[in-house]
Amino acid sequence: TEGFSLVAIEAAFYAPLLLSTRVGGSSEMLPEALLLEAETIGERLVQVAADYPRYQALFERVKQTWCPRFGIDGIVAAYRNYYAGVCGRHCQEAADR
C-alpha cells in the first residue's frame, strides 16, 4: 500500500465525501466513522446513504484540517522551513570550521 494516500488528499480538495478502508494512511486522516471494514462495506454504504449530510459534515472537518496543509501555501511553507533548516545547519557548520 501507499505510505500516504494521494487519492485521499485529492478527495479532500475536490470530493464532497470520502470513505476508505484502512490503507495508505487513511486511518491517520479520516475519523472512524469514515473508515470502512471490508466485511461490512455494503452495510456502511446503506448507513451513509441514510444519513449523508452527517457524513458529509464529518468530511468537511477533515477538509478543514488537511487542505491547508497540502495546498500550495502549506507546501511552500513546508519547503521553506525545510530549506531554512538545512541552510541554517550548513551555514552554522561552515562558521564553526
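**Is Phe59 buried or exposed?** Phe59 is buried, with a relative accessible area of 0%; buried means under 20% relative accessible area, exposed means over 50%, and partly exposed lies in between, using a 1.4 Å probe and protein chains only. Phe59 has its place in helix H4. The C-alpha atoms of Phe59 and Pro31 are separated by 8.5 Å, although these residues are 28 apart along the chain. The model is a predicted one, where local features need pLDDT of at least 70 and side-chain atom pairs count only at pLDDT 80 or more, while totals for chains, interfaces and linings use all residues. Residues are numbered from 1 along each chain as its sequence is written, and side-chain values use heavy atoms, with hydrogens and water left out.

**The whole chain, for orientation, has five helices and zero strands.** Helices (H or I, at least four residues) and strands (E, at least two) are DSSP runs, numbered from the N terminus. Starting at the N terminus, the order of elements is α-α-α-α-α. Of the 97 residues in the chain, 28% are buried.

**Here is a close-up of Ser26, a residue in helix H2 (residues 26-29).** Ser26 is buried, with a relative accessible area of 2%. Which backbone oxygen does the side chain of Ser26 reach at 2.7 Å? That oxygen belongs to Thr21. A polar atom of the Ser26 side chain also lies 2.9 Å from the backbone oxygen of Val23. Both are polar contacts, a term for a pair of N or O atoms within 3.5 Å; within protein, one atom must be able to donate a hydrogen and the other to accept it, and residues adjacent in sequence count only if both atoms are side-chain atoms.

**Arg22, Glu32 and Glu37 are joined into one network by salt bridges that share partners.** A salt bridge is a side-chain nitrogen of Lys or Arg within 4 Å of a carboxyl oxygen of Asp or Glu, and by this rule the count comes to two. One of them brings together the side chains of Glu32 and Arg22 (2.4 Å, N to O). That pair links distant parts of the chain, ten residues apart: Glu32 sits in the loop between H2 and helix H3 (41-50), and Arg22 in the loop between helix H1 (6-14) and H2. Arg22 also meets Glu37 in a salt bridge, at 2.9 Å, N to O. Glu37 lies in the loop between H2 and H3 and Arg22 in the loop between H1 and H2, so this pair ties together parts 15 residues apart in sequence. How open are these side chains? Glu32 is exposed at 53% relative accessible area, whereas Arg22 is partly exposed at 40% and Glu37 is partly exposed at 34%.

**Trp66 and Phe70 form an aromatic pair within helix H4 (residues 52-70).** Rings of Phe, Tyr and Trp (its six-membered ring) pair if their centres lie within 6.5 Å; planes under 30 degrees apart count as stacked, over 60 as edge-to-face and the rest as tilted. By this rule there are four aromatic pairs. The ring centres of Trp66 and Phe70 are 5.8 Å apart and their planes are at 15°, so this pair is stacked. The two residues are four apart, about one turn of the helix. Trp66 is buried, with a relative accessible area of 7%, while Phe70 is partly exposed, at 28%.

**Tyr79, Tyr82 and Tyr83 form one aromatic cluster.** Stacked or edge-to-face: how do the rings of Tyr82 and Tyr83 pair? Their centres are 5.1 Å apart and their planes are at 80°, so the pair is edge-to-face. Tyr83 is partly exposed, with a relative accessible area of 46%.

**The three tyrosines Tyr79, Tyr82 and Tyr83 also join Ile75 in a nonpolar surface patch of about 450 Å².** Patches are made of residues with over 30% relative accessible area and no salt bridge: like charges are joined within 9 Å, and nonpolar side chains (Val, Leu, Ile, Met, Phe, Trp, Tyr) within 5 Å. Accessible areas come from the Shrake-Rupley method with a 1.4 Å probe, and for residues only the protein chains shown count as cover. Ile75 is found in helix H5 (residues 72-96) and is partly exposed, with a relative accessible area of 30%.
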